[in-house]
Amino acid sequence: METLKRLFRINISPLVWKVFRRHLIVFSRNWKVNISFNFFEPLLYLTALGIGLGAYVHPIEGVPYLNYLAPGLVASSAVFATAYECTYGTFIRMEFQKTFHAMVATPVSMDDVIAGEILYGVFKSVLYSLVILAVIFALGLVKSPWTLLIPCVMFVGGALFAILSIIWTGLVPNIESFNYYFSLVMTPLFLFSGVFFPLTGMSIIVQKIVWISPLYHLVNITRGMILGRVGISLVWDLIWMIVAVLILLPVPFYLMRRLMIR
Amino acid sequence: MDIVIAESLLKQYNGFTAVREVNFTIRDRECFGFLGPNGAGKTSLVKMIYGFSPVTSGKLTVFGMDVKTNIRDIKRLLGVVPQENNLDPDLKVLQNLLVYASYFGIDARLARERAEELLEFFGLKEKAGEIVESLSGGMKRRLVIARALINKPGLLILDEPTTGLDPQARHMVWQRLRLLKEQGVTLILTTHYMEEASQLCDRLVIMNLGEILVEGTPQKLVADYIDETSGQIVQEKKEQPATLEDVFLKLTGRKLQD
């Protein structure tokens with residue numbers, strides 16, 4: 001009961017924006033390098049798989065493979081950027097740089113710090129999705145004005161992956177453990193969330209399991225919007241993500257408080 | 001006015017008792033020292049004062065406010081120099097001060113004014129645009145102290161401010177701290193350097209294993225414990241006047257504790 005109470009007592013103030021601003025200042029110092037590295041990788045996938053492999057692949061769901069793949073990569077690159085930030089980035093700030101310790105000696109609370117980390121994670125998803133969108137727009141792969149709403153969806157997707165990543169960081173605060181996070185969590189999500197192929201070809205059980213993948217829902221929405229295939233099912237995907245964010249939101253605060261405050 | 005009042009203050013974590021029901025009072029405008037070997041509980045104690053570490057039991061008030069309920073308001077009035085330098089390595093020297101000021105909600109123009117004053121005061125003006133990593137140990141320490149003053153705190157907490165510094169850098173820090181004290185800032189200092197304690201502190205306590213052993217002015221402690229133990233100390237350090245270090249070693253023992 002006491003644990004439950006502590007779980008929900010989140011002490012946040014407007015100073016969250018100052019914490020977030022700190023991250024933006026740091027980001028602005030080397031944003032060119034950050035961004036160019038980030039769109040390099042999806043560009044490799046687009047070329048190798050979209051164009052190279054795509055030449056041998058039948059159209060999927062009525063569109064050429066390149067068009068099918070591109071929206072999936074928008075979603076996956078965005079959440080990978082967030083996942084890196086909220087594992088390695090968060091951990092380095094917390095453990096090696098003692099940035100959190102410095103912040104909480106001011107009126108900033110530990111919850112403000114964690115909320116700032118989540119916001120920064122969200123920022124990365126939104127920003128990197130925009131960068132990749134710009135690239136695929138230039139390649140003529142964007143088919144619908146619904147695409148303009150993708151940053152809003154990425155806000156939810158980014159929040160979800162920021163929360164998941166900070167939960168991992170809070171549970172296994174160890175730089176080696178992040179390799180496991182990427183090989184056991186992120187890579188399976190990347191491969192089996194409909195980024196590269198529709199899951200309708202796989203067994204019913206796999207399709208059911210995939211329903212719990214947050215990336216699957218994000219990919220559905222992103223693809224639907226970019227290809228202009230918008231229907232009620234996308235609303236359900238969005239609701240799924242929002243509910244997941246709301247349920248999981250208190251957990252990273254609780255774990256990080258438990259870790260830092262003794 | 002008393003700035004800090006601790007009553008039966010207890011700190012336990014993971015089954016370990018770091019601070020054992022201590023009582024002390026820190027007065028306005030004094031420099032109060034916590035002296036003790038490593039592991040005596042000094043850092044645990046000051047971490048409770050700035051709210052990083054929750055109080056297990058007992059009462060701790062700072063500026064008349066309870067740390068359990070008003071920690072944000074308390075922290076607004078504090079400057080904290082932690083044991084480990086935790087400057088923001090992602091930011092340049094001046095930026096470190098400006099960003100830190102923003103955590104206090106200090107307006108950007110005022111922050112810049114104060115930051116420039118502080119860099120001047122601590123002899124870091126030329127380094128404003130440098131990255132933190134390029135600073136020497138002494139400069140980093142001065143920058144941490146400068147950062148702690150950005151909100152014009154009424155109480156400055158210094159956790160081993162000069163550990164690891166060379167004598168020149170140490171003397172420069174001491175001189176700055178004396179100036180601050182003259183300006184009316186209350187200081188809390190933890191240290192295991194006896195000279196530092198006798199140079200700076202008006203009053204101090206000697207701690208060991210989470211307990212406060214004695215309290216008093218440096219002169220009084222030396223006088224008290226010299227009378228009683230003169231034989232022993234004279235025997236060990238022939239012809240040298242007894243110092244606070246002798247009192248310290250007598251009370252905390254000569255064995256290594258960690």
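The legends below describe close-up views of a predicted model.

**View 1. Chain A as a whole, built from helices.**
The secondary structure of chain A amounts to 12 helices and 0 strands, so that from the N terminus onward one α element follows another. Along its principal axes, the C-alpha trace of this chain spans about 60 × 45 × 35 Å. A compact globule of 262 residues would be expected to have a radius of gyration near 18 Å, and because chain A has 19 Å, its value agrees with that expectation.

**View 2. The open sheet of chain B.**
In chain B, 6 strands come together in an open sheet, whose order is β6-β7-β8-β3-β9-β10 and whose pairing is mixed. The edges are formed by β6 (78-81) and β10 (211-216) of chain B, each of which pairs on one side only. On average, and with direction ignored, neighbouring strands of this sheet are turned by 15° against each other. In general, the strands of a sheet pair through backbone hydrogen bonds, in either a parallel or an antiparallel sense. At the β6 edge, β6(B) and strand β7 (residues 155-159) of chain B pair in the parallel sense over 4 bridges, and within β7(B) the residue B:Ile157 is the bridge partner of B:Val80.

**View 3. Two helices packed on the sheet of chain B.**
Helix α1 (residues 42-49) of chain B packs on the sheet, where it touches β3 (31-35), β6, β7, β8 (186-191) and β9 (203-208) of chain B, and its direction makes about 150° with that of β8(B). Helix α5 (residues 137-148) of chain B also packs on the sheet, touching β6 and β7 of chain B, and its direction makes about 165° with that of β6(B).

**View 4. The largest pocket, lined by residues of chains A and B.**
This pocket has a volume of about 990 Å³, and among the 30 residues that line it, those nearest its centre are A:Arg257, A:Ile261, B:Gly51, B:Phe52 and B:Pro54. At least two lining residues each are supplied by α6 (110-138) and α12 (250-260) of chain A, and likewise by β1 (2-13) and α2 (71-76) of chain B. By class, the lining of the largest pocket consists of 11 nonpolar, 9 polar and 10 charged residues.

**View 5. The second largest pocket, with its own lining from chains A and B.**
Here the volume is about 790 Å³, and of the 28 lining residues the closest to the centre are A:His101, B:Tyr13, B:Thr43, B:Lys47 and B:Phe52. The elements that each supply at least two residues of this lining are α4 (65-96) and α12 of chain A, together with β1, β2 (16-27) and α1 of chain B. The largest share, 4 residues, comes from α1(B), the helix that also packs on the sheet. The lining of the second largest pocket divides into 10 nonpolar, 9 polar and 9 charged residues.

**View 6. The largest cavity, with residues of chains A and B in its lining.**
A search of the whole structure finds 1 cavity of 30 Å³ or more, and the largest cavity has a volume of about 80 Å³. Its lining includes A:Thr99, A:Ala102 and A:Met103 from chain A, and B:Asn86, B:Asp88, B:Tyr103 and B:Arg147 are among the residues that chain B provides. Both α5 (99-104) of chain A and α3 (93-103) of chain B supply at least two lining residues, and α3(B) gives the most, with 4 residues. By class, the lining of the largest cavity has 6 nonpolar, 3 polar and 2 charged residues.

Key. Residues numbered from 1 in each chain as written. Chains lettered and ligands numbered in written order. Predicted model: local features only at pLDDT ≥ 70, side-chain atom pairs only at ≥ 80, totals over all residues. Heavy atoms only, no water. Pairing = 2+ DSSP bridges. Axes fitted to C-alpha atoms, helices over the stretch in contact; angles between N-to-C directions. Contact = heavy atoms within 4.5 Å. 1 Å grid on protein atoms, 1.4 Å probe; cavity = no way out; pocket = protein on both sides within 12 Å on 5 of 7 lines; lining within 4 Å. Points joined across faces, edges and corners; volume = space filled by probe spheres on them. Nonpolar A, V, L, I, M, F, W, Y, C, P; charged D, E, K, R; others polar. Rg over C-alpha atoms; globule rule 2.2 N^0.38 Å.
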